[in-house]
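I opened my notebook for a first look at a new structure. Here is what I looked up, entry by entry.

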Amino acid sequence: DALVQERINGRQFSVNSVSNGGCHYLAERWTFNTVPIKGAASLCDYETLLDARHPDYLRIQGYVFSVLDALGIKEGPAHIEIFVDEGGPVLIELGARMQGSMSRPATIKALGQDHVSLTALRYGDPMRFDDLMRNPNRRHQNAEIVSLLSDERGKVAGFSGLERLKSLASFADAI
């Protein structure tokens, strides 16, 4: 047996949602910028947090909500990866779980909450969570996650400049 998937050329989005009683809320929407890598596919060099005013927001929201409904996800968190190409959104993967490896401090600084805090609120105070669902979140600040890519072999001996970066008002976290 073989499973083949066509190459999708479009913009990649990572969407985190939390659901309560079949009502869905988009907690975070990130888009990826990738760079081609010789001899491989591509790597993400930075991710940008989007807010409800982004032009693709409603398109992404409607598609994600229909996927959650189709899969019967009515409660709790979900992490969804999609591409949007000229034909519209395409599902890449969905996990009924919280996303790992995201910077909570950066997301909270930008949105006032994150996937983890909204999931806790959904289970700890469902009525307050429902109030938040009625108003899509808006960014308080911009947020970008930058991956430092290198084509050099070797070991990283230190993090020169990290203390200087941490001193910047715009700095939120380093992983």
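**Entry 1, the main core.** I began with the largest nonpolar core, which has 15 residues. I asked which of these residues touch the most other members. They turned out to be Phe13, Val15, Val64, Leu68, Ile80 and Ile82. I keep in mind that this is a predicted model.

Next I looked up where the core residues come from. Strand S1 (11-20), helix H1 (57-70) and strand S4 (76-85) each supply at least two of them. H1 gives the most, with five residues.

**Entry 2, Val15 and its neighbours.** I picked Val15 for a closer look and left out residues up to four places away in sequence. Val15 then touches Leu26, Glu28, Arg29, Ile60, Val64, Ala78, His79 and Ile80. Among these contacts, Val64 and Ile80 are already in my first entry as core residues.

**Entry 3, another core.** I also found a second, separate core, made of seven residues. I noted Ala27, Leu118, Phe129 and Met133 as some of its members, including them here for later browsing.

**Entry 4, salt bridges.** How many salt bridges does the structure hold? I found three, and I took them one at a time.

**Entry 5, Arg122 and Glu75.** In this salt bridge the closest N and O atoms are 2.2 Å apart. The pair links distant parts of the chain, 47 residues apart. Arg122 sits in helix H3 (residues 115-124), and Glu75 is in the loop between H1 and S4. Is each partner buried or exposed? Arg122 is buried, with a relative accessible area of 9%, whereas Glu75 counts as partly exposed at 40%.

**Entry 6, Asp114 and Arg104.** Here the closest N and O atoms of the salt bridge are 2.5 Å apart. Asp114 lies in the loop between helix H2 (104-111) and H3, while Arg104 belongs to helix H2, so the pair ties together parts that are 10 residues apart in sequence. I checked accessibility again: Asp114 is buried, with a relative accessible area of 2%, and Arg104 counts as partly exposed at 37%.

**Entry 7, Glu163 and Lys166.** The side chains of Glu163 and Lys166 meet in a salt bridge at 3.9 Å, N to O. Both residues are in helix H5 (residues 162-166), and because they are three residues apart, about one helical turn separates them. Glu163 counts as exposed, at 60% relative accessibility. Lys166, at 41%, counts as partly exposed.

Definitions and conventions:
Residues numbered from 1 in each chain as written. Predicted model: local features only at pLDDT ≥ 70, side-chain atom pairs only at ≥ 80, totals over all residues. Heavy atoms only, no water. Core = buried A, V, L, I, M, F, W, Y, C linked by side-chain atoms within 4.5 Å. Buried < 20%, exposed > 50% of the residue type's maximum accessible area, 1.4 Å probe, protein only. Helix = DSSP H or I, 4+ residues; strand = E, 2+ residues; numbered from the N terminus. Contact = heavy atoms within 4.5 Å.
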